[in-house]
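Colleague: I am new to this structure and would love a close look at one part, the sheet. Could you walk me through how its strands are arranged and what lies across them?

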Amino acid sequence: MLSMKGKRKFTVVIERDEDNFYVATVPGLPGCHTQAKNLDTLMRRVRQAVELCLDTENGNASRSTELVGVQQISV
C-alpha cells in the first residue's frame, strides 16, 4: 500500500455502460480500469486497481498528464 508521504494523484474517468455499470479508467496507468454497480464501490475498487497497477509497474506510471476537460459531442 502507498504511504501518506508517497501519495500521488491520478485522473479517473467514470462512464456508465449499457448495463448501467459504472466503469472507471485511469488514463495515466494503461490497462487500469474497473467497474461496479454504484459509485462508492467503484471508488474503492479503482483505488485497489491503481495500487495493483503501481505494484506491477514498480511504482512507475506512464508519462504524467493533466486533465484539461471532457466534452461530449453528437455526430
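Modeller: Happy to; here is the sheet, strand by strand, and then its surroundings. Please keep in mind that this is a predicted model, in which local features need pLDDT of at least 70, side-chain atom pairs count only at pLDDT 80 or more, and totals for chains, interfaces and linings use all residues. Residues are numbered from 1 along each chain as its sequence is written, and side-chain values use heavy atoms, with hydrogens and water left out.

Starting at the N terminus, the elements of the protein chain follow the order β-β-β-α. Here helices (H or I, at least four residues) and strands (E, at least two) are DSSP runs, numbered from the N terminus. The three strands make an open sheet, ordered β1-β2-β3, with antiparallel pairing; two strands count as paired if DSSP finds at least two bridges between them. Because β1 (13-16) and β3 (33-36) are at the edges and each has a single partner strand, one side of each has no neighbour in the sheet. On average, neighbouring strands of this sheet are turned by 20° against each other, direction ignored. Such angles run from 0 to 180 degrees between N-to-C directions, with axes fitted as lines to C-alpha atoms, for helices over the stretch in contact (heavy atoms within 4.5 Å).

Now to one pair of strands. β1 and β2 (residues 22-25) run antiparallel and are joined by four bridges. In this pairing, Ile 14 sits opposite Ala 24 in β2.

Finally, what lies across the sheet? Helix α1 (residues 39-56) lies across β1, β2 and β3, and runs at about 160° to β3.
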